[in-house]
Amino acid sequence: MPGERSIISPIIIVGSALILYWVYRDSRARDAYPPFWFAAIGFSGLFIHFLAVPLGALIYIMVRPKGRLMPCPHCGAPRLATLTECPKCEGPLKKECYRCHAAIPIEATECPECGSRA
């Protein structure tokens, strides 16, 4: 029916835009090349088929860097806990232990590897 098509099209466009926004934000927080994921999923949905957007998001979820997101101590943006530099403000998130040279979180007061004061 012609009336159904005019209602479904905006829903597909808005849904695809929300998925693309989420993938961009998540890949940015995980430092997983956000422009690449945005372009790959966006263009596949634009030129191949609209179902490529949720399929691309599913592929992204399966291959993205795993781990919990934590707030950056400098800017508060979400970032992957294993990163050494914030992807948004580029502030340092790890520091080197003076004794054993292990990378430890910037807010740590004691090295978890050797126990010395950081």
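How much of its surface does the chain expose, and what share do carbon and sulfur atoms supply? About 8200 Å² is exposed, and carbon and sulfur atoms supply 65% of that. Keep in mind that this is a predicted model.

Confidence, then. The mean pLDDT of the chain is 85. A value of 70 or more is reached by 95% of the residues. H3 has the highest confidence, with a mean of 91. H1 has the lowest, at 83.

Now the layout. There are three helices and four strands. Start at the N terminus and you read α-α-α-β-β-β-β. So much for the order; next, the overall dimensions.

The C-alpha trace spans about 70 × 25 × 20 Å along its principal axes. The radius of gyration is 20 Å, where a compact globule of 118 residues would have one near 13 Å. Of those 118 residues, 29% count as buried. Look at contacts with a separation of 6 or more: residues 24 or more positions apart account for 27% of them.

On to the cores. Which residues form the largest nonpolar core? There are seven: Leu20, Val23, Trp37, Ile41, Val53, Ala57 and Tyr60. Three helices each give two or more residues to this core: H1, residues 2-29; H2, residues 34-47; and H3, residues 52-63. H3 provides the largest share, three residues. A second core is separate from this one and has five residues, among them Cys72, Leu80, Leu83 and Cys86.

Put Tyr60 on the screen. Which residues does Tyr60 touch, once those up to four places away in sequence are set aside? The list is Trp22, Val23, Asp26, Ser27, Arg30, Trp37 and Ile41. Val23, Trp37 and Ile41 are also members of the largest core, alongside Tyr60 itself.

Last stop, Ser44. This serine is found in helix H2. Is Ser44 buried or exposed? Ser44 counts as buried, because its relative accessibility is 16% and the cut-off is under 20%. What lies 2.9 Å from a polar atom of the Ser44 side chain? That is the backbone oxygen of Ile41. Ile41 has come up before: it belongs to the largest core and touches Tyr60. Leave out neighbours within four places in sequence, and Ser44 is in contact with Ala39, His49 and Ala52.

To recap. The helices H1, H2 and H3 give two or more residues each to the largest core. Ser44 is buried, with a side-chain polar atom 2.9 Å from the backbone oxygen of Ile41.

Definitions and conventions. Residues numbered from 1 in each chain as written. Predicted model: local features only at pLDDT ≥ 70, side-chain atom pairs only at ≥ 80, totals over all residues. Heavy atoms only, no water. Core = buried A, V, L, I, M, F, W, Y, C linked by side-chain atoms within 4.5 Å. Buried < 20%, exposed > 50% of the residue type's maximum accessible area, 1.4 Å probe, protein only. Contact = heavy atoms within 4.5 Å. Polar contact = N/O pair within 3.5 Å; in protein donor to acceptor, adjacent residues only side chain to side chain. pLDDT = per-residue confidence, 0-100. Rg over C-alpha atoms; globule rule 2.2 N^0.38 Å. Areas by Shrake-Rupley, 256 points an atom, 1.4 Å probe, with all protein chains shown as cover.
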